[in-house]
Amino acid sequence: MGGALVFWIGLLVAGLCVLSLFVFNGKSDPTLWRTCAILSLSSCYLMWGITYLAQLHPIIVPKRDDLKID
């Protein structure tokens, strides 16, 4: 698992966004439903992707204070 996982999940989210263009045609206000679906999918993906990559390659390296130097 590495950075490629973010890419593949991104493709999945993009596919779901395209799918939402066709799913919400029968609703009372399809533009509103499509916009809500696409915005929520993309926002959740961005939050997950940034958090995942930040944990994968941290900018600040954690330091342990409980180690004793002999």
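Here is a quick tour of a predicted model with two helices, α1 and α2.

First, some housekeeping. Residue numbers start from 1 along each chain as its sequence is written. Local features need pLDDT of at least 70, side-chain atom pairs count only at pLDDT 80 or more, and totals for chains, interfaces and linings use all residues, while side-chain values use heavy atoms, with hydrogens and water left out.

**The helix pair**

Helix α1 covers residues 3-23, and helix α2 covers residues 30-56. Helices here are DSSP runs of H or I with at least four residues, numbered from the N terminus. Two packed helices are described by the angle between their axes and the distance between the axes. For this pair, the axes come within 9 Å and cross at roughly 175 degrees. That makes α1 roughly antiparallel to α2, a label used for angles over 145 degrees. The axes are lines fitted to C-alpha atoms over the stretch in contact, with angles running from 0 to 180 degrees between N-to-C directions.

Which residues meet across the pair? On the α1 side they include Gly3, Val6, Gly10, Val13 and Cys17, and on the α2 side they include Arg34, Ile38, Tyr45, Trp48 and Leu56. Contact means heavy atoms within 4.5 Å.

**Cover, residue by residue**

Three classes are in play, based on relative accessible area with a 1.4 Å probe and protein chains only: buried is under 20%, exposed is over 50%, and partly exposed is in between. Gly10, in helix α1, is buried at 17%. Leu19, also in α1, counts as partly exposed at 47%. Phe22 is another α1 residue, and its 60% makes it exposed.

Outside the helices, Gly2 sits in the segment before α1 and is partly exposed at 24%. Leaving aside neighbours within four places in sequence, Gly2 is in contact with Tyr52 and Leu56. Val61 belongs to the segment after α2, and at 60% Val61 counts as exposed.

**Sequence versus space**

Here are some C-alpha to C-alpha separations.

| Pair | Apart in sequence | Apart in space |
|---|---|---|
| Phe22 and Arg34 | 12 residues | 8.9 Å |
| Gly10 and Ser42 | 32 residues | 8.8 Å |
| Gly2 and Leu32 | 30 residues | 35 Å |
| Val61 and Ala14 | 47 residues | 33 Å |

**A nonpolar patch**

Leu12, Leu16, Leu19 and Val23 make a nonpolar surface patch of about 360 Å². Patch members have over 30% relative accessible area and no salt bridge, and nonpolar side chains (Val, Leu, Ile, Met, Phe, Trp, Tyr) are joined within 5 Å. A salt bridge is a side-chain nitrogen of Lys or Arg within 4 Å of a carboxyl oxygen of Asp or Glu. One of the patch residues, Leu16, is also among those meeting α2.

Definitions and conventions
Patches are made of residues with over 30% relative accessible area and no salt bridge: like charges are joined within 9 Å, nonpolar side chains (Val, Leu, Ile, Met, Phe, Trp, Tyr) within 5 Å. Accessible areas come from the Shrake-Rupley method with a 1.4 Å probe; for residues, only the protein chains shown count as cover. Angles under 35 degrees count as roughly parallel, over 145 as roughly antiparallel, 65 to 115 as roughly perpendicular and the rest as oblique.
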